[in-house]
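Subject: Structure handover

Hi,

Here is the structure I promised you. Please open it before reading on.

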Amino acid sequence: MKGWWGRLLRVDLSRGKTSVVDIDKRILLDYIGGRGLAIRILWEYNPPGVDPLSPYNTLVIASGPLSGLPLPSSGKLVVASKSPLTNGYGDGNIGSMASYHLKRAGFDAIVIQGKAKKPVYLYIENDKVSINPADDLWGLDSFSVEDKLVREHGKNVGILTIGPAGEKMVRYATVVSQKGRSGGRPGIGAVMGSKNLKAVVIKGTLQPPVHDLDSLRKTAEEAYKKIMEAEGYDYWVRQGTMATIVWSQQNSVLPTMNFREGVWEEYEGISGDLMEKLKVDRRACPYCNMGCGNVIKDELDELSELDYENVAMLGSNILLGDLRKVADINKLADKYGLDTISLGNSIGFLMEASEKGFVRERVEWGDYKVVRELTEDVAFRRGLGGFLAEGVMRMSTALGGEALEFAMHVKGLEVSAYDCHAAPAMALAYGTSPIGAHHKDAWIISYEVRTDRLGYTREKVEMLVYLQDVRGGMFESLTVCRLPWVELGLDLDYYLKMLSHVTGIEWSWGMIREVANRIYTLIRAFWIREFDGWSKYYDYPPARWFKHPLTKGPYKGVKLDPAKYEQMLQEYYALRGWDSNGVPKPETLSKLGLTFVEDALKRVGVLV
Ligand code: PTT
Ligand code: SF4
C-alpha cells in the first residue's frame, strides 16, 4: 500500500533494544497517521492507569502520509504520550526537519518505552539505529544541544530535543527543534526527560512511497501558487500569527491579568505592528512558502522567534508590555523547553494569588525581573519555581478556596490565549478539546466574532464539530500545517487530492469525517479509562468565566451562562454519539470499529 511504510520503530530504553514492527494496513486506513496513529498505539501499548512519568508510559513520534513530502507546509509531525500535566491524552504538533527525515527513514512512527539507566540520545539513519550516551548533552539548553549534535552528525539531520525543563520533568516541558519550534504542550518533554532521553536525531535517505508523484507535484504546484496569490499573503508573511494581538484586542478576547479581562490599554507595546518594526529575520518549517517564524532581537539583543500565543500569554496576561522583554522570556522558554502558554498561565495565576494574599511572596503584575527569575527557577525547579513547575491545576488545588476559581485550565492543561467571558463556543472548544484547553482543534472564535457573538446556538456546536474534524482529525493525522487553509483560505479539497495521489485511494469527505470521529471517540475513551471517576464536568471551562464578569471593554458585565453552556455541551455529545455524561455509546463504538475499548470502559464503571 502506498502512502505509508507500514512500519514503526520500537525502542526499549530499559533494555537498550530496538526493533521494527509492522503496522496493520487496516489501522493505517482507519487512523491515517500522526495523532490517529498515536492514540491507537497508546491505547494498545500503555497499561491503563500508568504513571505518565514512569518507564511504562509510551512516547510516540508520528508522521502522516503527507508529512515531509514536497507539498505545502508539510514539515510537521506529532509528538504524543499520556500527559504528566493532565493524566490524559496529550500531543503537540511540531514543524521541523525531523518530519522530513522521519518520512525518509522508512518509518511511520517511533515508539519509545522504558527508561535508560543514564542519559542517552537516539540516532536513526534509515534502518541503522543506535542508542548513544548523552552525558555531555544532559544539562544543556535546547539550543546548545542542537549545535553539538549538528557538529557531531552534520547539518543534514532532523533533531528533536529537550532542555533542562524536560530533564527536571516540569509538567509542561516541551520538545524543541531548530531553536524556536516547540511542540507537546501537555508535558511531552517531561516524558522524554523521565526516560533519560535527551534527543532524537533522524537522517532519512529513502524514497517515500508515493502512488502518483507526478500528479502530486502538479497539485502541490497549483496549491503553492494559490497560497502566494491569496489576498492577505503579503500581510501574513509580514506579521504571521502576531497580527492576532490587535485582532484579539479589537474583539475583546486578549487574555489580560490572568484572563480577568479581554482588553488591555497597553496592547500596542506587544503588537504585530511593533514586531514588524523590530523584525530581523523570518523562519519557516520545511516545504512552507508562507513562513511565519518572525524573529526579533530581544532585551539582551539575542534572537527570539515570536508567535501570538507566546506574546499574549507572556505579555498582556501578566501585564508585561514591552515586546523585547516578552521576547527575552519567550527565548528562555524555548531554550529551557517550557511551554509558553502554561508558563504565562502559571505566572499569571501566581501574580493573582499574591495580589489576593493566597501566597506570602509578593509577585507584582508586569515585573520583568521577577518573571525572568521565575522562568529560570521553573526550568530548574528551584524554590517557588518548583511550585509553578506543577502547573495551574495542581497549584490551585494546593491553595484551595477561591484560588480554584481563577485557575485557568481545562482537565489540567492551561488555557491558550483567547478569553471566553464573551465567547461561549470558544469556551466549549476548550472544554471539549481532546488534550485540554488548547485552540488547535477548533479556533471557532473567528467564526464566533463574525456571527452571533453571544449566542449559545446549535449552529455553533455543529461548526465546532466540523472544525474539530478538519483541524484535529484531518490535519493532525495527515500530518501537515493547517495555516494555508486557516489563514489564506487554501481550498480543503487540495488535501483530499494530495492524499489520494499519495495513497492511490480516492478519499472522500465522508471517509475523512469518519476517521476524525473515530480518533475523537478513541481519545475520549482513553481519558475515561485513565480517569477512574469520569464526569462531564471535566468538559467545563474554568469557573472564572462563569463567575467573574468582564469589568471593561465592549462586553463589560458579560460572563458565561452555565445552563446554556450545559445545553451546548449536550448537543455536542449528541453529535459525537456520546451519552449525557460524555461517554461514547455502545452503538457509536460499534459503528466506528472501536468495540475493543468496551471492556476498559466497563471496568471503570461507565458502561454496563
Ligand atoms: C502549540 C502552541 C502554540 S500554537 C504556540 S504559538 W500558535 C506556542 N508556541 C510555543 C513556542 O514557540 N515556544 C515555546 N517554548 N512554547 C510554545 N507554546 C505554544 O505552543 C507552531 C505553529 C503555530 S504557532 C500554530 S498556532 C499552528 N499550530 C498547528 C497545529 O497545532 N497543527 C497543525 N497541523 N498545524 C499547525 N500549524 C501552526 O504551527 P503544540 P511549531 Mg507547536 C516557539 O506545539 O504543542 O501543538 O502547541 O509547533 O512548529 O512551533 O509551529 O499562535
Ligand atoms: Fe510552519 Fe508557519 Fe509555515 Fe505553518 S505557516 S508550516 S507554522 S512556517
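Below are notes on one sheet and one helix pair.

This is a predicted model, in which local features need pLDDT of at least 70, side-chain atom pairs count only at pLDDT 80 or more, and totals for chains, interfaces and linings use all residues. Residues are numbered from 1 along each chain as its sequence is written, chains are lettered from A and ligands numbered from 1 in the order in which they are written, and side-chain values use heavy atoms, with hydrogens and water left out.

The sheet

Helices (H or I, at least four residues) and strands (E, at least two) are DSSP runs, numbered from the N terminus. Two strands count as paired if DSSP finds at least two bridges between them. Strands of a sheet pair through backbone hydrogen bonds, either parallel or antiparallel.

The sheet is open and has 6 strands. Their order is 2-1-6-3-4-5, with mixed pairing. Strand 2 (17–22) and strand 5 (89–95) are the edges, each pairing on one side only. Neighbouring strands are turned by 20° against each other on average, direction ignored. Axes here are lines fitted to C-alpha atoms, for helices over the stretch in contact; angles run from 0 to 180 degrees between N-to-C directions.

Look at strand 6 (residues 109–113). Strand 1 (residues 7–12) runs parallel to strand 6, joined by 5 bridges. Leu9 has Ile110 as its bridge partner there. Strand 3 (residues 59–62) pairs with strand 6 in the antiparallel sense, over 4 bridges. Here Ala62 is matched with Ala109 as bridge partner.

Strand 6 is mostly covered, with 5 of its 5 residues buried. Buried means under 20% relative accessible area, exposed over 50%, partly exposed in between (1.4 Å probe, protein chains only). Ala109, Val111 and Gln113 lie on one side, Ile110 and Ile112 on the other.

Towards the edge, strand 4 (residues 76–82) and strand 5 run antiparallel, with 7 bridges. Val79 has Gly92 of strand 5 as its bridge partner.

The helix pair

Helix 13 (residues 340–355) packs against helix 14 (residues 368–379) at about 120°, with axes 11 Å apart. That angle makes the pair oblique, because under 35 degrees counts as roughly parallel, over 145 as roughly antiparallel, 65 to 115 as roughly perpendicular and the rest as oblique.

Which residues of helix 13 and helix 14 make the contact (heavy atoms within 4.5 Å)? Helix 13 gives Leu343, Ile347, Leu350 and Met351. Helix 14 gives Val371, Leu374, Thr375 and Val378.

Best wishes

How values were computed: Contact = heavy atoms within 4.5 Å.
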